[in-house]
Amino acid sequence: MEQAKTVFSGIQPTAVPTIGNYLGALSNYVALSKNHRCVYSIVDMHAITVRQDPETLRRRAREVFALVMACGPEPANTALYVQSHVPAHAELCWILNNFTMFGELSRMTQFKDKSAKHADNINAGLFIYPVLQAADILLYDAHIVPIGEDQKQHLELARDIAIRFNGIYGDVFVVPEHLIPKLGGRIMSLADPSHKMDKSDPNPAGYISMLDDRDTIIKKCRRAVTDSGSEVRYDPAGKPGVSNLMTIYALCTGKDTDAVSREFAGQGYGAFKEAVGEAADGVLAPIRSKAAELTGDPARLDTLMAENAGRAAAIAGPVLNRVREAVGFLPRK
Ligand code: TRP
C-alpha cells in the first residue's frame with residue numbers, strides 16, 4: 001500500500017446512520033479501502049459544536065464505530081478511529097486557525113444554517129468547525145475526501161488553507177480533492193422525497209436507520225410516500241417518491257433503474273414497495289448483526305478502537321511534526 005493514495009472521511013456520531021448514509025458514503029468507504037490507504041474518523045469533536053447528552057454521545061460513538069466496521073472496510077488498509085482519541089486533531093486545528101480568515105468562516109453556509117437553528121448557542125467551536133475539518137484531512141496527507149454535496153464548501157476551504165500554508169512554508173500539506181458519489185449521494189426522505197434522507201429527522205418514517213429491524217424496514221417502505229399513478233418508472237422530477245425507492249432498490253440489488261422498471265412492469269406500487277423493503281433488509285441485515293456482535297463485546301470494541309487510534313496517530317504524528325517545525329515551534333523531546 002506504500003504508493004496508494006490516502007482517503008480521509010469523517011462521520012458524526014450524532015445519530016445512527018441511515019441507508020442513505022450507507023448507499024451514499026459507507027459503501028464507498030468500503031470500495032475505496034480495497035486499493036487505498038483509508039482513514040475514517042468518528043468525529044465526536046465536531047459533534048459537540050451543538051449540545052450533546054454525554055451518555056448518548058458515548059453510546060452513539062460506539063454504535064457508529066461498530067456499524068462502519070461492520071460494513072467491512074479492508075482492515076489491512078483502514079484506520080477507523082474516534083477523533084478525540086487522537087489529540088493531534090486539536091493541535092493542528094489550533095495552528096490552522098491562524099491561517100484561516102474570519103471572513104472565510106463567516107461565509108460558510110453550514111455555519112449560517114446552524115447558527116439559525118441553534119440561535120441560543122452560536123459558540124466559537126461552531127464557527128471554527130470547518131478548520132477542525134481541514135485539520136482532520138490535512139493531518140493524514142489525504143488526497144481524496146469522499147463527502148456529500150453539502151460538504152463541498154468545507155473541502156474548498158481546506159484546500160485554500162493548505163494552499164495558503166504551502167505558499168508561506170513550502171510543500172507541507174497535500175492539497176486534497178473531493179469525491180462526490182454520482183448515484184446514492186441523494187437518497188431522499190421516504191416521507192417527503194423533496195428532502196434528503198436525514199438521520200436526525202424528527203420523523204423516523206422518513207429514514208431507514210441502519211439499526212432498524214426487518215419489520216420496521218418493511219413497514220417504512222410500505223408506507224413510503226409515492227406519487228400518483230401506478231407505474232414504476234424512473235422520473236425524479238415527475239415521480240420523486242417512486243424514483244427514490246427505485247434508486248434504493250437499484251443500489252441494494254446492483255441493478256440499474258431501467259432493469260428495475262422492467263422487473264415491475266404492470267405490478268403497481270404495492271409489490272414494488274415490498275421488494276424495496278426486502279432488498280434494503282437484505283443489505284442491512286448482515287451489517288446489523290455484525291455491528292450487534294461488536295457492541296455486544298465492549299472489551300473487544302475498546303481494543304479495536306485503541307488499536308485503530310494508534311494506527312491513525314502513527315500517520316498523524318509525523319505530519320504534525322512537519323507543521324510544528326514549519327511554524328517555528330521547538331521540537332518536543
Ligand atoms: N463535516 C462532516 C459532515 O458533517 C463530517 C466531517 C468531519 C468530515 N471531518 C471531516 C468529512 C473530514 C470529510 C472529511 O458530514
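**Close-up 1. N97, a buried residue in helix 4.** In this predicted model, N97 has a relative accessible area of 18%. That puts N97 under the 20% cut-off, so N97 counts as buried. The helix to look for here is helix 4, which covers residues 88-97. Which residues does N97 touch, if we skip those up to four places away in sequence? The answer is I128 and V131.

**Close-up 2. E278, a partly exposed residue in helix 12.** Now hop over to helix 12, made of residues 268-295, where E278 sits. Buried, exposed or partly exposed: what is E278? Its relative accessibility is 37%. Partly exposed is the class between 20% and 50%, so E278 counts as partly exposed. Leaving aside residues up to four places away in sequence, E278 touches R214 and I218. Y249 makes a handy landmark too: it is 29 residues from E278 along the chain, and the C-alpha atoms of the two are separated by 9.1 Å.

**Close-up 3. The two domains and where they meet.** Time to step back to the chain as a whole. Domain 1 takes in 6-180 + 298-327, while domain 2 runs over 204-292. Their C-alpha centres lie 31 Å apart. How many residues does each domain bring to the contact? Domain 1 gives 12 and domain 2 gives 14. Together the domains bury about 1,100 Å² between them, and 85% of that is on carbon and sulfur atoms.

**Close-up 4. The side of domain 1 that touches domain 2.** Keep an eye on I19, L23 and L67 in this view. These residues supply 47% of the area that domain 1 buries against domain 2, more than any other three residues. Which elements give two or more residues to this side of domain 1? They are helix 1 (19-32) and helix 3 (54-71). Helix 3 has the largest share, with 5 residues. Sorted by class, this side of domain 1 has 10 nonpolar residues, plus 1 polar and 1 charged.

**Close-up 5. Polar contacts and salt bridges across the domain interface.** How many salt bridges does the rule find between domain 1 and domain 2? The count is 0. For polar contact, the rule finds 2 residue pairs across the interface, counting pairs with both residues at pLDDT 80 or more.

Definitions and conventions:
Residues are numbered from 1 along each chain as its sequence is written. This is a predicted model: local features need pLDDT of at least 70, side-chain atom pairs count only at pLDDT 80 or more; totals for chains, interfaces and linings use all residues. Side-chain values use heavy atoms; hydrogens and water are left out. Domain bounds come from an automatic or database domain assignment. Contact means heavy atoms within 4.5 Å. Buried area is the accessible area (1.4 Å probe) that two parts lose on being put together, summed over both. A salt bridge is a side-chain nitrogen of Lys or Arg within 4 Å of a carboxyl oxygen of Asp or Glu. A polar contact is a pair of N or O atoms within 3.5 Å; within protein, one must be able to donate a hydrogen and the other to accept it, and residues adjacent in sequence count only if both atoms are side-chain atoms. Helices (H or I, at least four residues) and strands (E, at least two) are DSSP runs, numbered from the N terminus. Ala, Val, Leu, Ile, Met, Phe, Trp, Tyr, Cys and Pro count as nonpolar, Asp, Glu, Lys and Arg as charged, and the others, Gly among them, as polar. Buried means under 20% relative accessible area, exposed over 50%, partly exposed in between (1.4 Å probe, protein chains only).
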